[in-house]
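Hello,

Here is the structure I promised to pass on. Please open it first; my notes follow below.

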Amino acid sequence: MTTAGVAFALAAALHAGFQLTVTVLVYPVLARVPASSWSDAHARHSRLIVPLVGLTYAGLVAAGAWLLASSPGPLGLAAVLAAAGSVVVTAVAAAPTHGRLVTPDPALLRRLLVVDRLRGLFAVLALVLAVAALG
């Protein structure tokens, strides 16, 4: 058990907890906001969640880089790759979809919910692999 491995497992746990909260609670509530309140609700959500996303992802990336620099085994490498999958899905699908949600477009909301579940799966997989790598 390395310090880098423990740090990454903790970062992956934070990320998975954050992501599951968004998947199970935040996005379903946001998807049900009436059109008349949409602009304010979406702007408030975006403004409040950005710092939390930044801190969570910064910790995940820093711990992942540390783990990679410490020559992880196959499970550690797989954990970092799973976490990277979540980051990539955020960058190429979730963030652009959020940007397009000027109104509560049902197709875009469905896409956001599906993409978010994929991020959640990657986050949980990263956590499971990170804990398994601790041996």
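Of the 135 residues in the chain, 39% are buried. Keep in mind that this is a predicted model. The secondary structure is 4 helices and 0 strands. Along the sequence that reads α-α-α-α. The C-alpha atoms fill a box of roughly 55 × 25 × 20 Å along the principal axes. Contacts reach far along the chain: among those with a separation of 6 or more, 79% join residues 24 or more positions apart.

Helix α2

I spent some time on α2, which runs over 38–69. This helix has 32 residues. From first C-alpha to last it reaches 44 Å, close to the 46 Å expected at 1.5 Å a residue. Still, α2 has a kink of about 35° at Ile49. The kink comes shortly before the proline Pro51.

Which residues of α2 are buried? They are Trp38, Ala41, His42, His45, Ile49, Thr56, Tyr57, Leu60, Ala63, Gly64 and Leu67. Much of that list steps by three or four, so recall the geometry: an α-helix has 3.6 residues a turn, so residues three or four places apart point the same way. The buried residues of α2 pack against α1, α3 and α4. After the helix comes Ser71, with a positive phi near 55°.

Largest pocket

The largest pocket has a volume of about 220 Å³. Its lining counts 15 residues. Nearest the centre are Tyr27, Ile49, Val53, His98 and Arg119. Ile49 is thus named twice here: it is the site of the kink in α2, and it is among the residues nearest the centre of this pocket.

Which helix supplies the largest share of this lining? That is α2, with 6 residues. At least two residues each come from α1 (3–31), α2 and α3 (74–100). By class, the lining holds 9 nonpolar, 5 polar and 1 charged.

Second largest pocket

The second largest pocket holds about 190 Å³ of space. It is lined by 16 residues. Closest to its centre are Leu67, Pro72, Gly73, Gly76 and Ala133. Leu67 is also one of the buried residues of α2. The elements that give two or more residues to this lining are α1, α3 and α4 (106–134). The lining has 10 nonpolar and 6 polar residues, and no charged ones.

Over to you.

Best wishes

Technical notes:
Residues numbered from 1 in each chain as written. Predicted model: local features only at pLDDT ≥ 70, side-chain atom pairs only at ≥ 80, totals over all residues. Heavy atoms only, no water. 1 Å grid on protein atoms, 1.4 Å probe; cavity = no way out; pocket = protein on both sides within 12 Å on 5 of 7 lines; lining within 4 Å. Points joined across faces, edges and corners; volume = space filled by probe spheres on them. Nonpolar A, V, L, I, M, F, W, Y, C, P; charged D, E, K, R; others polar. Expected span 1.5 Å × (residues − 1). Bend = angle between axes of the 7 residues up to and from the residue. Buried < 20%, exposed > 50% of the residue type's maximum accessible area, 1.4 Å probe, protein only. Contact = heavy atoms within 4.5 Å.
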